[in-house]
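Please work through the exercises below with the coordinates open beside you, attempting each task before reading its solution.

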Amino acid sequence: MSDLEVLVELQELDTRLSQLDHKCKTLPELTQLAELEAEDRQLQSEFAEIEVELSALRNNQNEREIEIQQLEDKVAKATSALYGGDMTSPKEAAALQSEIDSIAGRQSLLEDQIIDLMEKIEPYATEEERIERARRVCSDATKKTQDKISEALSEIEAERLSVEGEKQGVEERAGNELVVLYEDNRKRMGDHTAVGRLVGTSCGACFLEIAAVEIDRIRRLPSDQPSECPECGALLVR
Ligand SMILES: [Zn+2]
């Protein structure tokens with residue numbers, strides 16, 4: 001095996017590291033999560049829209065219920081005054097009776113209004129329940145997706161650590177000088193093309209044919225001396 005074979009190993013390990021990076025960023029669950037988040041935002045905005053109407057209607061209903069309660073208290077007071085025996089004059093009794101009657105009229109008007117309001121509230125309340133249910137489903141799915149993402153990420157992280165460990169071993173075998181040369185070439189040329197295996201007379205990185213005179217020169221170099229492809233600059237492994 002050529003002394004430069006470690007370069008191919010380094011490149012393969014770096015390729016695996018880039019693939020793991022790519023895998024982290026392109027987990028299908030990340031797309032699912034984004035879709036779920038968009039769905040929840042949509043539900044929240046639908047909710048906000050009906051809540052404006054619904055709370056106005058419910059406030060109206062509530063105000064009328066409070067007023068009815070106050071009227072009932074008044075009627076109870078007037079009734080007990082009327083039949084309580086402290087009545088001083090028939091005129092006073094007639095006034096009380098007329099107050100009770102007018103309260104009853106107001107009360108029945110309010111009750112009709114409440115029935116109207118309840119009819120208006122019903123479809124909104126049904127929609128409110130539907131949205132709340134949908135948001136619960138969405139939130140459960142979001143949690144499950146987040147769990148899957150952390151599970152996948154920790155698996156990838158474990159694999160990354162193992163590749164890093166492997167890479168460290170290869171770097172030790174390669175020696176600092178070759179590692180620096182490789183890293184520089186990789187920065188300059190990018191992944192996958194920093195190192196090329198010499199296949200026959202062509203470079204494995206750019207696939208171009210290398211001139212016979214260059215091939216001769218390269219083949220005569222000591223086995224541990226790095227050389228570059230004259231066409232693309234990849235480190236040649238021969
Ligand atoms: Zn080349």
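The exercises that follow concern a predicted model, and each task is followed by a stepwise solution.

**Exercise 1. The zinc site**

Task: Establish which protein atoms are the donors of the zinc ion, and classify the geometry of the site.

Solution. Begin with the donor atoms: the zinc ion is held by the SG atoms of Cys203, Cys206, Cys229 and Cys232, at distances of 2.3 to 2.4 Å. Next, examine the angles among these 4 donor atoms, which run from 103 to 112°. Since four donors count as tetrahedral if all angles lie between 85 and 135 degrees, the site of the zinc ion is tetrahedral. Then turn to the sequence, where the donor residues follow the spacing C-x2-C-x22-C-x2-C. The pair Cys203 and Cys232 links distant parts of the chain, 29 residues apart, with Cys203 in strand β2 (residues 202–203) and Cys232 in the loop between α5 (212–220) and β3 (235–237). Finally, compare each accessibility with the cut-offs: Cys203 counts as buried because its relative accessibility is 1%, while Cys232, at 26%, counts as partly exposed.

**Exercise 2. A backbone angle in a loop**

Task: Determine what is notable about the phi angle of Phe207, and where this residue lies.

Solution. The background to keep in mind is that most residues other than glycine have a negative phi. Phe207, although not a glycine, has a positive phi of about 65°. Locating the residue along the chain places Phe207 in the loop between β2 and α5. As a last step, its relative accessibility of 66% means that Phe207 counts as exposed.

**Exercise 3. Two helices and the bridges between them**

Task: Describe the salt bridges that Arg130 and Arg58 form, and decide which parts of the chain each pair ties together.

Solution. Start from the principle that side chains of opposite charge can pair when their charged atoms come close. By the distance rule, the count for the model comes to 16 salt bridges. One of the pairs is Arg130 with Glu46, whose closest N and O atoms are 2.9 Å apart. Because Arg130 lies in helix α3 and Glu46 in helix α2, this pair ties together parts that are 84 residues apart in sequence. Both partners fall in the partly exposed class, Arg130 with a relative accessible area of 33% and Glu46 at 24%.

Now treat the second pair in the same manner: the side chains of Arg58 and Glu128 meet with an N to O distance of 3.1 Å. Arg58 lies in helix α2 and Glu128 in helix α3, so the parts tied together here are 70 residues apart in sequence. For this pair the accessibility classes are Arg58 as partly exposed, at 34%, and Glu128 as buried, at 10%.

To complete the picture of these helices, consider Thr145, which is found in helix α3 (residues 90–174) and is buried, with a relative accessible area of 6%. Leaving aside residues up to four places away in sequence, Thr145 touches Glu29, Gln32, Leu33 and Leu36. Glu37, by contrast, is partly exposed at 38% relative accessibility, and is found in helix α2 (residues 28–83).

**Exercise 4. The two domains and their interface**

Task: Characterise the interface of domain 1 and domain 2, and identify the network of salt bridges that includes Lys167 and Glu183.

Solution. First, take the bounds from the domain assignment, which gives domain 1 as 17–174 and domain 2 as 178–237. The centres of the two domains, taken over C-alpha atoms, are separated by 66 Å. Contacts between them involve 4 residues of domain 1 and 4 residues of domain 2. Between them the domains bury about 340 Å², of which 52% is on carbon and sulfur atoms. On the side of domain 1, the residues losing the most area are Ser18, Glu171 and Ala174, which together account for 82% of what that side buries.

Next, look for charged pairs, where the rule finds 1 salt bridge across the interface. Glu183 forms a salt bridge with Lys167, with 3.8 Å between the closest N and O atoms. Glu183 also meets the side chain of Arg186 in a salt bridge, at 3.3 Å from N to O. Being 3 residues apart in helix α4 (residues 176–189), Arg186 and Glu183 are separated by about one helical turn. Through shared partners, salt bridges join Asp14, Lys167, Glu183 and Arg186 into one network.

Definitions and conventions:
Residues numbered from 1 in each chain as written. Predicted model: local features only at pLDDT ≥ 70, side-chain atom pairs only at ≥ 80, totals over all residues. Heavy atoms only, no water. Donors = N, O, S within 2.8 Å, 3.2 Å for Na, K, Ca; no water. Tetrahedral: all angles 85-135°; square planar, octahedral: opposite > 155°, others 65-115°. Helix = DSSP H or I, 4+ residues; strand = E, 2+ residues; numbered from the N terminus. Buried < 20%, exposed > 50% of the residue type's maximum accessible area, 1.4 Å probe, protein only. Contact = heavy atoms within 4.5 Å. Domains from an automatic or database assignment. Buried area = accessible area lost by both parts, 1.4 Å probe. Salt bridge = Lys/Arg side-chain N within 4 Å of Asp/Glu carboxyl O.
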